[in-house]
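Reader: Could you take a close look at one part of this for me? I'm a first-year student, so please keep it friendly.

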2 protein chains.
Amino acid sequence: MKIVRDRLRLAGALTLASGQSLSEVDIAFETYGALSPARDNAILLLHGLTADQHAAGPPWHEKGRAGWWNQAIGPGRAIDTDRFFVICPNVLGSFGGSTGPMSRDPATGRAYGMRFPVITIADMVAAQRQLIAALGIERLHAIVGGCMGGFQAFEWMSRHPECVGSAVVISATARTNTHNTALWSVLRAALMSDPAWNDGDYYDGPSPDAGLGLLAMTGALFWMSREALHEKFGLRTIENRPLRYTLEPEFAIEEFLARVRRNAGAGNLDANALIYLTRAIDYFDLSREYDTVAEALARYTSPLLLVSYATDWRYPSQEMNEIREALEPRSVPVRHEILDSPIGHGAFLYDFNGLEPILRTFLSGDFSGGRGDRPT
Amino acid sequence: MKIVRDRLRLAGALTLASGQSLSEVDIAFETYGALSPARDNAILLLHGLTADQHAAGPPWHEKGRAGWWNQAIGPGRAIDTDRFFVICPNVLGSFGGSTGPMSRDPATGRAYGMRFPVITIADMVAAQRQLIAALGIERLHAIVGGCMGGFQAFEWMSRHPECVGSAVVISATARTNTHNTALWSVLRAALMSDPAWNDGDYYDGPSPDAGLGLLAMTGALFWMSREALHEKFGLRTIENRPLRYTLEPEFAIEEFLARVRRNAGAGNLDANALIYLTRAIDYFDLSREYDTVAEALARYTSPLLLVSYATDWRYPSQEMNEIREALEPRSVPVRHEILDSPIGHGAFLYDFNGLEPILRTFLSGDFSGGRGDRPT
């Protein structure tokens with residue numbers, strides 16, 4: 001599988017939803033496979049909050065990890081790189097090389113830190129639109145995105161429907177919800193409680209690893225369902241040892257959380273990027289500039305596969321169904337698959353088996369001929 | 001209503017479940033109403049995690065608040081002080097005057113801090129048993145407890161069934177659950193992330209208010225149901241202002257969380273006490289020393305009212321039902337009322353209306369004649 005790592009400097013400044021602008025914008029990206037001569041086999045893959053553009057392949061730097069969706073991408077896999085040209089951009093505001101709070105502010109020569117402007121999901125998509133054009137692609141075979149990547153996919157469907165040949169959206173809804181906004185607020189507070197965070201100016205000092213660890217262990221209470229935690233750990237002690245009556249880790253679930261905490265601090269997450277990306281999600285509401293979701297998607301006619309997990313209480317299936325209901329009256333070919341998995345929100349990453357055949361069939365075109373007509 | 005504030009020094013040392021012992025134990029308590037000459041009208045009221053013995057009446061000190069269950073307690077109220085003598089002890093390990101981590105360790109002359117031994121729900125009940133005896137009460141008309149107070153009520157029913165004339169348990173289950181253990185672990189980590197916490201030795205320095213604030217705002221994500229947060233705040237901005245695209249509080253839910261955070265820091269919570277009390281909950285499993293919950297409650301025959309809230313996902317109704325199922329085969333008069341409230345876990349405190357008539361009827365004896373025989 002051919003892997004290319006690249007970065008694009010956008011032509012000119014990028015004006016943001018807030019009215020502010022960024023004078024220099026880079027978008028880092030990876031591609032897998034080869035673009036066909038007709039330039040019609042491109043899949044735009046959009047990553048979630050804590051991932052980046054390294055979706056496939058082995059780790060490629062010291063602190064790196066293997067591709068976050070290796071199971072899905074490769075020769076003969078559901079996203080078949082013998083057939084498709086996969087583009088995975090690092091989102092604006094992130095920490096994988098695209099412009100974000102850790103980038104150098106050309107006005108000061110220092111890292112932006114908290115002087116970076118607030119960005120939105122639509123801003124991320126505006127930058128991606130330029131990337132696709134720069135790669136000479138007019139129309140994508142498909143867009144695929146989960147969670148924050150799913151929000152971006154919805155914005156693509158709303159703003160650039162002519163570019164979207166089909167779309168797969170996993171574990172995402174037409175807008176954020178109150179509980180998630182509350183959660184992001186708490187997670188940002190956890191990060192900022194670390195003195196090393198230093199109001200965002202930590203790039204020349206120690207990293208706020210403690211804050212990242214606290215954020216990650218708090219987040220784990222939400223990504224995983226109550227049922228998944230129960231099944232996996234129950235009330236067992238570590239190694240089934242007799243009770244010691246201590247404040248040190250005693251239960252298996254505590255050992256798990258301690259590991260989540262350590263790993264977050266040791267990873268390549270950037271605290272400020274998480275602050276800005278979660279804020280972008282807070283502002284996500286597909287229908288903000290419209291009366292309804294149906295209006296926001298009025299120009300979208302391509303096939304759409306929605307996938308949700310019954311155990312995902314971050315973005316519940318019934319809320320995701322709003323998208324289906326918005327498109328069905330126009331006979332857009334939309335399907336909503338509700339999968340079972342004990343994992344909850346992260347299931348598309350950690351429990352790929354249920355999704356694999358559905359994704360494979362959809363991308364190979366079973367659904368893609370029917371622009372505007374509904375299969376029966 | 002007659003309110004008495006008092007404190008009992010237990011006779012001798014208290015041996016704990018861990019095998020350690022506390023040489024000097026005080027239990028602070030309040031009483032409302034008057035004990036009848038026959039000493040048969042006492043109700044033992046057991047408070048939850050962040051409450052204390054001040055269940056009824058106006059604030060009585062500078063940082064104080066009004067009684068946490070004023071709605072329920074008083075002349076003519078559901079817990080009618082014209083009729084009942086209500087005893088509300090501050091639990092062992094807490095911050096209302098009972099012995100806990102902020103108490104002076106007689107061995108060193110300094111506050112215990114994190115040198116306080118780990119305690120259990122059963123240890124709390126052992127101290128309460130001595131308090132009841134010291135008040136000259138052999139048998140309680142009723143025990144009433146919610147959440148952590150409900151765990152204590154279950155231990156009373158298991159260990160001292162001869163003392164329990166009836167019991168009301170609200171929003172509690174026969175054991176803790178994995179997700180709660182995970183939550184307490186995260187909340188303790190949030191507290192301890194505050195440098196002012198200082199390994200628990202903060203009594204001579206600044207209070208860890210920031211840690212308490214972070215704990216409280218994280219907890220708010222759990223006490224309240226997802227639905228309650230949605231109904232109350234939605235995605236509204238503060239005062240419905242136009243979007244400002246800022247990291248400052250922008251949404252109504254953020255303003256709410258900021259208030260929760262400020263109030264926690266300004267209240268009279270003690271960080272170390274919360275650490276020890278949540279740890280006690282981690283160890284709670286009514287059937288730990290038995291094969292089953294039914295065995296743990298084998299000697300209990302008095303009427304029991306269980307109350308849960310359909311929206312409480314901390315202690316779900318179906319898990320609470322285990323208690324009912326354990327008692328029904330022996331025809332113990334047990335009833336499980338599942339109430340609706342948008343509030344979730346804290347509903348018995350903040351949305352008392354649904355509970356009021358049920359509690360009133362039960363305590364006034366509609367259920368209490370039937371020791372061992374089931375009403376039809």
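Among contacts in chain A between residues at least 6 apart in sequence, what percentage join residues at least 24 apart? And then, what's going on around D312(A), the residue covered by the "active site" annotation?

Author: Sure! This is a predicted model, where local features need pLDDT of at least 70, side-chain atom pairs count only at pLDDT 80 or more, and totals for chains, interfaces and linings use all residues. Residues are numbered from 1 along each chain as its sequence is written, chains are lettered from A and ligands numbered from 1 in the order in which they are written, and side-chain values use heavy atoms, leaving out hydrogens and water.

Your percentage is 73%, with a contact meaning heavy atoms within 4.5 Å. Chain A has 11 helices and 12 strands; these are DSSP runs numbered from the N terminus (helices: H or I, at least four residues; strands: E, at least two). Of its 376 residues, 59% count as buried. Buried means under 20% relative accessible area, exposed means over 50%, and partly exposed is in between (1.4 Å probe, protein chains only).

Now for your residue. The "active site" label on D312(A) comes from an unreviewed UniProt entry, and the entry's "domain: AB hydrolase-1" annotation covers residues 41-349 of chain A. UniProt positions follow the numbering used here, feature names are shortened, and annotations may be inferred rather than shown by experiment.

D312(A) sits in the loop between β11 and α9 of chain A. Is D312(A) buried or exposed? Its relative accessibility is 2%, so D312(A) counts as buried. Leaving out residues up to four places away in sequence, D312(A) touches S171(A), G344(A) and H345(A).

Follow the chain onward from that loop and you get to helix α9, residues 317-327. Its buried residues are S317(A), M320(A), I323(A), A326(A) and L327(A). Why that spacing? An α-helix has 3.6 residues a turn, so residues three or four places apart point the same way. The buried residues of α9(A) pack against α2 (148-159), β10 (167-170), α8 (293-296), β11 (304-309) and β12 (334-339) of chain A. So β11 comes up twice: it flanks the loop that holds D312(A), and it is one of the partners of α9(A).

For contrast, try another aspartate, D204(A), in the loop between α3 (178-192) and α4 (209-223). D204(A) counts as exposed because its relative accessibility is 86%.
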